[in-house]
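Reader: I am new to this structure. Please take one part and walk me through it closely.

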Amino acid sequence: MRQALNLVGVGPSGSGKSSFLVPLLQAKKERTRYLVVFNTSDQLSEFCNHREYVSFEALSKDYDPEAIAALIQSHGSVHFEVARGNTESFVNAVCAAVMSLGEKDADKCIVTVIFEEARNFLKKYKMPERASQLEAEGRKYGIDLIKVDQRLQSQGDDCLDSAAYVNATVVVVFPTSDFNQRQRIMQAFPGIPDPLELRPPVPGKMPGEYAVFDRETGQKALIKRDESGARRCEVIL
Ligand SMILES: Nc1ncnc2c1ncn2[C@@H]1O[C@H](COP(=O)(O)OP(=O)(O)OP(=O)(O)O)[C@@H](O)[C@H]1O
Ligand SMILES: [Mg+2]
């Protein structure tokens, strides 16, 4: 059976998360039958065939997973720009739709789901049940999950639910000097490089650095930049 991707990326504002998603999304579009993007802004909508805006008022509607599945099937790739609010029932409906599109024991990726600013959709203590199901079972159905956010954990609830990262097979860390976040990242994913060692992007001039940690093999890669901004990959076994 194909090894599904369950990626979580963490870093503060301006650390390069969205820039990292662009080439990933472009590559994924070629290799996935259906693509679904959740975002709080229209960022990344240019890579999708269809966009839907879900307003604050619309979040209280009852969404039909079958209708959402049909929408995804007819367009191939759908970008949902969702207002901030209680997104739980909307996310449940989309995740149920995604699950219904998956194929048992698929040998290729059927659906890729991207959660940008993921804590708005997979919030601590409010993890939508169908999103938990995707986390637990999606890999058997050819469903890849990609989540990026500013905060892995916090004392309050303005961060990801642990169910959104405990099953991650790949962790990407972006530069941060924030002591608490560094400790939390390194405790949650033992063996991950210290994000303090990475340099953030210089807006408009230089790409940022990041570290990739494959939790299944234990392999680590540091994506570094040189003085000209060119990137190189250092693999640490
Ligand atoms: N390769 C690059 N070359 C030049 N500038 C870059 C590059 N990569 C990122 N940047 C710039 O760095 C800034 C921050 O990057 P990005 O938007 O990806 O961060 P982010 O982590 O998504 O932030 P936020 O959490 O606020 O959404 C942006 O202004 C972006 O244009
Ligand atoms: Mg961003």
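What follows is a close look at the salt bridges, then at the ligand and a few single residues.

Reader: Which side chains meet in a salt bridge with Arg 33 and with Glu 209, and which residues are linked in a network of salt bridges?

Author: First, the ground rules. This is a predicted model, in which local features need pLDDT of at least 70 and side-chain atom pairs count only at pLDDT 80 or more, while totals for chains, interfaces and linings use all residues. Residues are numbered from 1 along each chain as its sequence is written, chains are lettered from A and ligands numbered from 1 in the order in which they are written, and side-chain values use heavy atoms, with hydrogens and water left out.

Now the bridges. A salt bridge is a side-chain nitrogen of Lys or Arg within 4 Å of a carboxyl oxygen of Asp or Glu. The structure holds 15 of them.

Take Arg 33. Its side chain meets that of Glu 103 in a salt bridge, 2.7 Å from N to O. The pair links distant parts of the chain, 70 residues apart. Glu 103 is in the loop between helix H3 (88–101) and strand E5 (111–115). Arg 33 is in the loop between helix H1 (17–31) and strand E2 (34–39). Helices (H or I, at least four residues) and strands (E, at least two) are DSSP runs, numbered from the N terminus. Glu 103 is partly exposed at 36% relative accessibility, and Arg 33 is partly exposed at 37%. Here buried means under 20% relative accessible area, exposed over 50%, and partly exposed in between (1.4 Å probe, protein chains only).

Next, Glu 209. It forms a salt bridge with Arg 199, at 3.2 Å from N to O. Both residues lie in the loop between helix H5 (179–188) and strand E8 (210–214), so the bridge ties together parts that are 10 residues apart in sequence. Glu 209 is buried, at 1% relative accessibility. Arg 199 is partly exposed, at 38%.

Another bridge joins Arg 51 and Asp 42, with the closest N and O atoms 3.9 Å apart. Arg 51 is partly exposed at 47%. Asp 42 is partly exposed at 39%.

Then the network. Salt bridges link Glu 117, Arg 119, Asp 149, Arg 151 and Asp 158. Glu 117 lies in the loop between E5 and helix H4 (129–137). Its phi is near 50 degrees, a positive value in a residue other than glycine. Most residues other than glycine have a negative phi. Asp 105 also has a positive phi, near 55 degrees. Asp 105 lies in the loop between H3 and E5.

On to the ligand. Ligand 1 is surrounded by 17 residues (a heavy atom within 4 Å). The closest are Ser 13, Gly 14, Lys 17, Ser 18 and Ser 19. An oxygen atom of ligand 1 is 2.6 Å from a side-chain N or O atom of Ser 13. For the side chain of Ser 18, the distance is 2.8 Å from a ligand oxygen. A backbone N or O atom of Gly 16 lies 3.0 Å from an oxygen atom of ligand 1. Taken alone, ligand 1 exposes 630 Å², and the protein buries 69% of that. Such areas come from the Shrake-Rupley method with a 1.4 Å probe; for residues, only the protein chains shown count as cover.

Last, His 50. It belongs to strand E3 (residues 50–54). His 50 is buried, at 18% relative accessible area.

Notes:
Polar contact = N/O pair within 3.5 Å; in protein donor to acceptor, adjacent residues only side chain to side chain.
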